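Student: I have a structure open and a list of terms I only half follow. Can we take the terms one by one, and can you show me what each one rests on?

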Amino acid sequence: MSSRLDAPTVSPSGASSPRGAAHQSTATSRRLLPPARRSRVLDSDIIWGLGAYVALVVGIWSMHGGLTRFTEGVTGIATAITQLSGLGASAAGLVGLLFTARPAILERRYGLDRLFNWHRVLGEAMAVLVGVHVAAALVEWQVDGAWGAAIADLTGREPYMAGATIGALLIGIVTVTSLRSMRNRLSYETWYFLHLTAYLGFALSFGHQIVTGADLADDAIARWIWVGLHGAVAVALIWGRWGRVLRSVVRPLRVHSIEQVAPGIVTLRLTGRRLRSMRGSAGQFCFLRALTADGWWRSNPFSLSEAPGEDGLRFTIKDRGDASQLLASLPVGTKVAVDGPYGVCTPEIADGRKVLFVVGGVGIAPARAMLEVLPPSAEPVVLYRAHSAADLVHHDELVALAERRNGRVLTLVGPSASLAVRDPFSAHTLRQAVPDVAERVAVLCGPDRLLSAARTGLRRAGVDSGDMHFEHSWW
Amino acid sequence: MTPQRPATRSRPSLARRALPAIALTSASGFLLSVLDRPSTIVDAGSETTSDTGSTGVVSIMPASPAAAPASTTAATSPTTPATTPATVPATVATTVPETVPATTPPTVATTVPATPTCTTYNGPTISTKWGPVEVQASVAADGTICWADAIVTPDSKSKSVQINNRAVPVLDDRAVAAQGTAFDGVSGATITSNAYKQSLQAIIDAVVSGQVAG
Ligand SMILES: Cc1cc2nc3c(=O)[nH]c(=O)nc-3n(C[C@H](O)[C@H](O)[C@H](O)COP(=O)(O)OP(=O)(O)OC[C@H]3O[C@@H](n4cnc5c(N)ncnc54)[C@H](O)[C@@H]3O)c2cc1C
């Protein structure tokens with residue numbers, strides 16, 4: 001045990017600790033929640049679905065001129081581009097919105113992190129297509145260089161075009177505020193509320209698609225397909241996004257206890273009757289919304305730091321700002337709305353193989369939960385990076401859980417500059433610390449910098465990237 | 001161990017965080033009310049129709065011939081198609097405007113025989129979302145189309161004018177070549193093309209069924 005205190009070191013932790021063992025014995029008597037359902041969706045289903053969707057959009061376009069317009073001079077080409085980019089922007093936006101509805105069949109297979117990243121990619125694609133659409137529409141509409149008249153027509157003189165103009169502006173603003181450099185200057189909630197105005201932008205631009213766009217205005221079937229797609233996504237959003245929030249608020253859990261475990265780090269235990277009907281696995285995370293005057297309007301993600309059981313959910317929360325401070329100081333009995341759990345980095349990924357955890361800071365939480373339910377065949381090794389010995393949380397629990405499974409915990413503490421090894425996650429260091437690293441499934445949890453360093457090192461040490469599991473950062 | 005900060009410490013409120021989004025939404029609403037001033041195209045169409053009726057064009061309702069007495073009038077020479085709805089009726093003779101419901105477009109106005117065998121007719125004004133379309137065609141008693149031209153096309157937008165300037169001559173030629181309405185519309189001007197065919201077809205139907213004398 002002492003080795004973890006004299007930084008910097010990579011050291012196997014010492015013999016089993018009585019506290020950890022005690023915890024383990026209580027843990028085995030707990031009734032765990034049934035594991036999260038698995039999705040039966042296959043990659044090929046997604047590819048077929050997307051293919052059909054693209055074919056539908058391009059089909060609608062080509063049935064109303066499409067490529068033939070390219071023979072009709074500049075105006076014809078501009079018309080064709082306007083139509084295709086307009087349909088494409090809507091089509092991309094719809095799928096992007098569908099992902100934020102967090103449909104279970106997709107979330108259970110790909111994870112919320114991937115859905116959010118795809119949402120981002122589709123949102124950016126939509127913004128680019130809207131830009132192309134606006135430019136092409138102006139070229140199409142202007143006559144003999146009368147740009148002023150074309151702009152006046154397209155920003156308000158044509159029916160529903162004022163809405164479309166404002167919709168395009170809103171989508172532009174939402175996209176710009178989501179660029180990394182901009183987003184880092186805004187608080188999460190400021191960014192989020194601005195992001196919600198994209199719904200307004202989408203709604204405002206709907207009228208012109210139906211009334212002005214030749215693809216839909218003149219073709220009842222295409223129009224109804226389009227309206228149907230929008231309706232389906234709206235239903236998915238209302239049910240999946242806002243319905244989930246509502247359900248979490250209507251049946252909240254309550255704060256059972258809060259314990260400080262390290263400077264600025266607490267564990268929060270929530271209990272409630274709703275747990276009897278919940279599912280969840282170690283390694284997943286939930287969005288927590290404190291139902292207090294200053295907490296109800298924001299929800300923040302936190303990983304389960306213990307396998308979820310009917311006796312409660314435990315989270316380990318580091319003071320990073322307003323929301324985490326609020327959660328850490330809630331009085332016992334306060335209602336907390338729990339949305340989730342989400343995430344696909346669960347113990348099943350071990351699949352009978354040995355497991356390596358690379359964790360940094362409070363990223364230990366999901367690793368701690370997964371350790372609890374891994375079989376002995378996993379022989380887990382935990383590489384635990386922290387700034388100082390005081391920042392190591394749940395260390396004794398980890399050691400006890402790992403040793404029960406013939407595993408061990410290696411801690412690496414101290415500021416980067418003070419470390420004896422320049423890169424603690426170089427392939428060389430990894431192989432020395434964990435000789436069988438290449439045979440293992442790797443689970444990574446921690447800040448982005450740690451993730452990218454560890455991924456590079458693990459890849460060089462021979463771990464297949466398909467065997468590395470982590471939450472992709474989405475914010 | 002850092003002590004917990006007191007819970008009373010002021011936190012940025014919801015209002016503070018939501019302000020940019022609320023401001024943006026309000027600005028959108030304001031901008032919408034400023035920008036949204038669509039010209040009312042459909043109204044223009046119905047105006048045209050009632051004008052035609054009130055100035056007393058000979059009218060035949062193909063759907064109910066009994067209600068619409070056939071009547072032709074020899075007038076002088078409108079060989080140049082009029083370009084506005086108002087002037088067309090002025091050149092033709094009149095009867096029974098009362099039988100025309102003001103809002104019913106399908107009227108056939110007969111005008112001058114351009115040649116011994118061809119008589120010129122005005123088709124019904126077809127309202128489209130871009131504006132009214134009316135065809136004038138010279139048709140022989142056997143239904144042969146001598147020439148056709150759209151005398152009213154949507155003109156409230158420079159864009160429409162541009163499209164129709166391109167499309168109408170093509171449609172005129174195709175109508176004569178096809179000797180009917182079984183020709184391809186002009187792509188990019190689908191709506192005008194369809195309205196054109198509808199108006200022309202009404203003339204052909206009226207002539208062939210003998211509702212109007214050639
Ligand atoms: C999948 C996942 C699991 C997490 N698990 C844990 C955990 O077990 N323990 C823990 O202490 N922290 C965890 N976090 C981080 C935690 O969500 C943030 O620390 C918390 O939201 C900070 O909010 P704040 O208002 O206290 O701080 P702020 O000052 O508002 O934010 C600090 C940083 O947290 C991030 N953040 C803030 N709000 C959100 C949000 N709603 N969604 C995503 N990121 C946000 C931003 O990057 C921001 O820069 C997890 C994050 C994710 C994405």
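Tutor: Start at a strand pairing. In β4(B), B:Val133 is the bridge partner of B:Ile126. Keep in mind that this is a predicted model.

Student: What makes β3 and β4 of chain B a pair of strands?

Tutor: The cut-off is at least two bridges. Strand β3 (residues 126-128) of chain B and β4(B) have 3 bridges, in the antiparallel sense. Therefore they pair. A hairpin of 2 residues joins β3(B) to β4(B).

Student: Which other strands pair with β4(B)?

Tutor: Strand β2 (residues 118-122) of chain B pairs with β4(B) over 5 bridges, antiparallel. There B:Cys118 stands opposite B:Ala140. Strand β5 (residues 145-152) of chain B is joined to β4(B) by 6 bridges, and these two also run antiparallel. One bridge partnership is B:Glu134 with B:Val152 in β5(B).

Student: What lies between β4(B) and β5(B)?

Tutor: A hairpin turn with 4 residues between the strands. B:Gly143 sits in that turn, with a positive phi of about 95°.

Student: Why is strand β4 of chain B called largely enclosed?

Tutor: Count the buried residues. In β4 (residues 131-140), 10 of the 10 residues are buried, so the strand is largely enclosed by the rest of the structure.

Student: How do you know that B:Val133 is buried?

Tutor: Buried means under 20% relative accessible area. B:Val133 has 0%, so it is buried. This residue lies in strand β4 of chain B. Leaving aside neighbours within four places in sequence, its contacts include B:Pro124, B:Thr192, B:Ala195 and B:Tyr196.

Student: B:Tyr196 is also in an aromatic pair. Why is its pair with B:Phe183 called edge-to-face?

Tutor: Two checks. Ring centres must lie within 6.5 Å, and planes over 60 degrees apart count as edge-to-face. The centres of B:Phe183 and B:Tyr196 are 6.4 Å apart and the planes stand at 80°, so the pair is edge-to-face.

Student: Where do the two rings sit in the chain?

Tutor: B:Phe183 is in the loop between α4 (158-178) and α5 (190-208) of chain B. B:Tyr196 is in helix α5 of chain B, 13 residues apart from B:Phe183, and the pair links distant parts of the chain.

Student: Are these two residues buried or exposed?

Tutor: Both fall under 20%, so both count as buried: B:Phe183 has 8% and B:Tyr196 has 0%.

Student: How many aromatic pairs are there over all chains?

Tutor: The structure holds 10. One of them is A:Tyr188 with A:Trp191, 5.7 Å centre to centre with 50° between the planes.

Student: Why is that one called tilted?

Tutor: Stacked needs under 30 degrees and edge-to-face over 60, and the rest are tilted. The angle of 50° fits neither, so the A:Tyr188 and A:Trp191 pair is tilted. Both residues lie in helix α9 (residues 188-211) of chain A, 3 residues apart, about one turn of the helix.

Student: What makes A:Tyr188 partly exposed, and A:Trp191 buried?

Tutor: Partly exposed runs between 20% and 50%. A:Tyr188 has 28%, so it is partly exposed. A:Trp191 has 10%, so it is buried. The two also belong to one aromatic cluster with A:Tyr192, A:Phe193 and A:Trp297.

Student: How do you know that a charge sits over the ring of A:Trp239?

Tutor: The distance limit is 6 Å, and there is an angle limit too. The charged end of A:Arg247 is 4.4 Å from the centre of the A:Trp239 ring and sits over it. A:Arg102 likewise lies over the face of A:Phe287, at 4.8 Å from the ring centre.

Student: Last one. What is in the largest nonpolar core?

Tutor: It has 31 residues, and A:Phe357 and A:Val443 are among those with the most contacts inside it. The largest share, 5 residues, comes from α13(A).

Student: Why is this core said to lie between two domains?

Tutor: Domain 1 (2-28 + 346-469) and domain 3 (252-342) of chain A both give residues to it, so the core lies between them.

Note on methods: Residues numbered from 1 in each chain as written. Chains lettered and ligands numbered in written order. Predicted model: local features only at pLDDT ≥ 70, side-chain atom pairs only at ≥ 80, totals over all residues. Heavy atoms only, no water. Phe/Tyr/Trp six-rings, centres within 6.5 Å; stacked < 30°, edge-to-face > 60°. Buried < 20%, exposed > 50% of the residue type's maximum accessible area, 1.4 Å probe, protein only. Lys NZ or Arg CZ within 6 Å of the ring centre and 35° of its normal. Contact = heavy atoms within 4.5 Å. Core = buried A, V, L, I, M, F, W, Y, C linked by side-chain atoms within 4.5 Å. Domains from an automatic or database assignment.
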